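Dear colleague,

I am passing on the structure we spoke about, so that you can have it open while you read. Please look through it first, and then go on to my notes underneath.

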Amino acid sequence: MRLRWLAVVVLLFAAFMDLLDTTIVNVALPAIEKDLSATAAQLEWIVSGYVLSFAVLLITGGRLGDIFGRKRMFLIGVTGFTLASASCAAATSGDMLVFSRLVQGAFGAMMIPQVLSIIQVMFAPKERAGVFGALGAISGLAAVAGPLIGGILVTYNAFDLGWRSVFIINVPVGVLLFVAAAVFIPESRSVKRVGLDLLGVVLISATLFLLVFGLIEGRDLGWPLGIWIMIAASPVLLAVFVWQQGARDRKSGSALVPTSLFHSRGYSAGVITSFSFSASIGGFFLILVLYLQIGLGFTAIAAALATLPFSIGALVGSGIAVPLGPRLGKRLILLGALAQIGGYLWIAYIVAAQGNALVGTNLIVPMTLAGLGLTLLVVPLTDVALAQTSIANAGAASGVLGTFQQVGSAIGVAVVGVVFFGIVGTTFAPDVLRDAFLGGIWVPITALCLAAVASFLLPSVAQVAAHKVDAELAIEREAVENAEDAIPV
C-alpha cells in the first residue's frame, strides 16, 4: 500500500512538471526575444509548438503504453522531456528553442497519458476519486505556481541563467522522477490487442502543421502564394483524415479519432466547447504578457502577479463547480463562458481607459472573474460532454476531447498572433502594443462566444445523471465477471 502511494506521488509530480511547463514560459518570452533576437513567429512557436506536438501525439502515446508497457513509456517520456528541457535551456537561437519545444511536447505526450492509465491499473474505481482529486489540485497549483516561479526566476536572474532557468529546473526534477518511477511504479500493459493508427497521426500532423505554420509564418514572409496554398491545403487534408478515420473505425475500431463518436450531438457540442475555450486561453495570456512587459515595462514578476488573480479565481471556481456541476450541468458551463467573456471585455475597457498609467492592481477584479469563469466551464465539461457516449467508448471519447483541447490552444495562439503582430508590425511602442492587444483580445472573446453557443447543445442534467448510473452498473458487472473468472473450476 505504501509503495502504491509513493508511485502516485511520482505520477503527480510528472503531471505537475508538464502543466508547469505550459504556464511558466509566457512571462519569459520578452527576455527570450531580447536575448535570442527571436522573431514574433518564433515567440508564437515557443508557446504553440509545445501544445501542438503534445496534442498530435497524445492518443498515440497512450496506445504505445498499452502495447509496450506503461511504465516503460513513462520512463521514455520523462527521459526525453528532461533532455529536451536541457536543450531548451541551452538554445542559442530562436529556431533551436522552437525545435526543442516541439520535441519537449512530443515526449510529454508519451509521459502524461500513462499517468491516468497507471492510476486506473493500481486503484479500484471506488479508490480513484481521491487520486483524481489530488490530480485536480496539482493542476490548480501548477496554474498558480507557473507564472510566479517563472517571474521570480527571470526577474531575479536565478543562477545567472536568466530565462534559461525556467527550463533548466526540469532537469534535476526529471532525473529524480526517472529514478523514483523505476523503483516504485509497477509495469502494466493492455490485455487486449491495441492497434496503432500511424497513417492517422501523419495526416492530422500534416493538417495542423500546414494551418499553424501558415498562420504563424505568413505575416513575416509577406503572405506569399505558397503560404495561402498551405492554408488552403489544410482543410483538404482534414477531409482525407476524416474519411480515413471513418474507414478505419468501421474496419477495426482502432481509429485515432473514432468518427462514430460524433454521431452524438451532445458529444460534438462538447468537443466544440472544449476546443473553443482552449483557443481563448493561450492566445489571451500571450498578448497580455507581451503588452505588460514590452509595452508598459513590467518586470517578469510584476506581469506574473498581474495574472495571479486569474489563477486564484480559477481555484475558487473549481470549489464552486464541483458541487454545482451535477445540479446545473450545461447551465454552469454557459455561465462560465459568459463570466470569461465579461472578464475579458472588462480588461479591454480598463486597458483602453488607463493607457500607459495601467498598473497590475487595476486588473484584479476582471482577471478574477475570468479565472472563475474558466473553471465553472471546465470542471463539469467532461462529464457533460460524455453523457451521450457509450460506456465502452468512454476512454476513447475522453482522449479525443483532450486532444481537441490541446489543438484549440495551439490554433488560438496562431490566430491571435496574426492579429496582434499584424497590428504591431515593427513598431513596439506602448500605444501600438495597446492597440494590438485591444485588437487581439477579440479572438479569445469570439472563441468563448462560440463555446457559449455550443453549450446549448450539450446533454441535459438528467442525461448526465443517467450516464453515471450506467457507468456504475458497468463497473459492478465487470467486477462480478472478474470474480467469477477467478473461481477455480
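What follows is a short account of the core, one pocket and a few single residues.

Please keep in mind throughout that this is a predicted model.

I begin with the interior. The largest nonpolar core has 140 residues, and those with the most contacts inside it are Phe74, Tyr344 and Phe437. Helix H3, which covers residues 40-68, gives this core its largest share, namely 15 residues. If the neighbours within four places in sequence are set aside, Phe74 is in contact with Val10, Leu11, Ala14, Met111, Gln114, Val115, Ala181 and Ile185.

Next comes the second largest pocket, which holds about 450 Å³ of space. Its lining is made up of 22 residues, and Ile204, Leu208, Leu238, Phe241 and Phe404 are those that lie nearest the centre of the pocket. At least two lining residues are supplied by each of H3, helix H9 (198-221), helix H10 (225-251) and helix H15 (394-424), and the largest share, six residues, comes from H10. In character, the lining of this second largest pocket divides into 17 nonpolar residues, five polar residues and no charged ones. H3 therefore deserves a look in both settings, since this helix gives the largest nonpolar core its largest share and also supplies at least two residues of the pocket lining.

Two loop residues may interest you for their backbone angles. Most residues other than glycine have a negative phi. Ser37, however, has a phi near 55°, a positive value in a residue other than glycine, and Ser37 lies in the loop between helix H2 (29-36) and H3. With a relative accessible area of 59%, Ser37 is exposed, because that value is over the 50% cut-off. Asn157 likewise has a positive phi, near 50°, and is found in the loop between helix H6 (128-155) and helix H7 (165-168). Asn157 counts as partly exposed, at 35% relative accessibility, because this value falls between the limits of 20% and 50%.

Finally, there is a nonpolar residue on which I would welcome your view: is Leu176 buried or exposed? Nonpolar side chains tend to be buried together in soluble globular proteins. Leu176, which lies in helix H8 (residues 170-184), is nevertheless exposed, with a relative accessible area of 62%. The C-alpha atoms of Leu176 and Val78 are separated by 10.0 Å, and these two residues are 98 residues apart along the chain.

With best wishes

Technical notes
Residues are numbered from 1 along each chain as its sequence is written. This is a predicted model: local features need pLDDT of at least 70, side-chain atom pairs count only at pLDDT 80 or more; totals for chains, interfaces and linings use all residues. Side-chain values use heavy atoms; hydrogens and water are left out. A nonpolar core is a set of buried Ala, Val, Leu, Ile, Met, Phe, Trp, Tyr and Cys residues joined through side-chain atoms within 4.5 Å. Buried means under 20% relative accessible area, exposed over 50%, partly exposed in between (1.4 Å probe, protein chains only). Helices (H or I, at least four residues) and strands (E, at least two) are DSSP runs, numbered from the N terminus. Contact means heavy atoms within 4.5 Å. On a 1 Å grid over the protein atoms alone, a cavity is a set of points where a 1.4 Å probe fits but cannot get out, and a pocket is an open set with protein on both sides within 12 Å along at least five of seven lines; lining residues have an atom within 4 Å of a point. Grid points are joined across faces, edges and corners, and a volume is the space filled by probe spheres set on the points. Ala, Val, Leu, Ile, Met, Phe, Trp, Tyr, Cys and Pro count as nonpolar, Asp, Glu, Lys and Arg as charged, and the others, Gly among them, as polar.
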